[in-house]
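Student: I would like to go through the cysteines of this protein with you. Could we look at the structure together?
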Amino acid sequence: MARGAETFLSLTLLLIYFTSGERVQLVPGQKTWCVAKPSSDDATLLENIDYVCSQVDCSVLQRGFPCFYPDNLMSHASIAMNLYYQSRGRNPWNCFFNNSALVATTDPSYGSCAYA
């Protein structure tokens, strides 16, 4: 198969994946957030936190900052992955994390911890 055809096929499959019935249809301009899937395992969540915090400022997750509590992997991973997602333009592919995240249309902010 020619390289151009492979690229076209890859892009077509990617487009089908992101527009399939499994995805939420978003209204243009609708605010979205990226959160960890509840089914994600701890090792994956840790990998996500490590990766994201090497790319963006995760200081809000430190003790004494607004998003430290609850102090658990699911919460910290969700906040970190959302920081990355927001900083990269809120594209669906910036909230994939090896299928361990999902795009939410309801603001997950709580208490004094505001998701961007």
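Student: Which residue forms a disulfide with Cys67?
Tutor: This is a predicted model, and in it Cys67 forms a disulfide with Cys113, the sulfur atoms being 1.9 Å apart. The angle about the S-S bond is 100 degrees, and the link is right-handed. This pair links distant parts of the chain: Cys67 lies in the loop between α2 (42-55) and α3, and Cys113 in the segment after β2, 46 residues apart.

Student: Is Cys113 buried or exposed?
Tutor: Cys113 is buried, with a relative accessible area of 0%. Cys67 is buried as well, at 4%.

Student: How many disulfides are there?
Tutor: There are three disulfides. Counting the bonded cysteines along the chain, they follow the pattern 1-5, 2-3, 4-6.

Student: What does Cys34 pair with?
Tutor: Cys34 is joined to Cys95, with 2.1 Å from S to S. Cys34 lies in strand β1 (residues 33-36) and Cys95 in the loop between α3 (73-87) and β2 (101-104), so the disulfide ties together parts that are 61 residues apart in sequence. Both Cys34 and Cys95 are buried.

Student: And which way does the link of Cys53 and Cys58 turn, left-handed or right-handed?
Tutor: The link of Cys53 and Cys58 is left-handed, with -100 degrees about the S-S bond. The sulfur atoms of Cys53 and Cys58 are 2.2 Å apart.

Student: Why does Cys53 count as partly exposed?
Tutor: Cys53 counts as partly exposed because its relative accessibility is 32%, and that class lies between under 20% for buried and over 50% for exposed. Its partner Cys58 is buried, at 10%.

How values were computed:
Residues numbered from 1 in each chain as written. Predicted model: local features only at pLDDT ≥ 70, side-chain atom pairs only at ≥ 80, totals over all residues. Heavy atoms only, no water. Disulfide = S-S within 2.5 Å. Helix = DSSP H or I, 4+ residues; strand = E, 2+ residues; numbered from the N terminus. Buried < 20%, exposed > 50% of the residue type's maximum accessible area, 1.4 Å probe, protein only.
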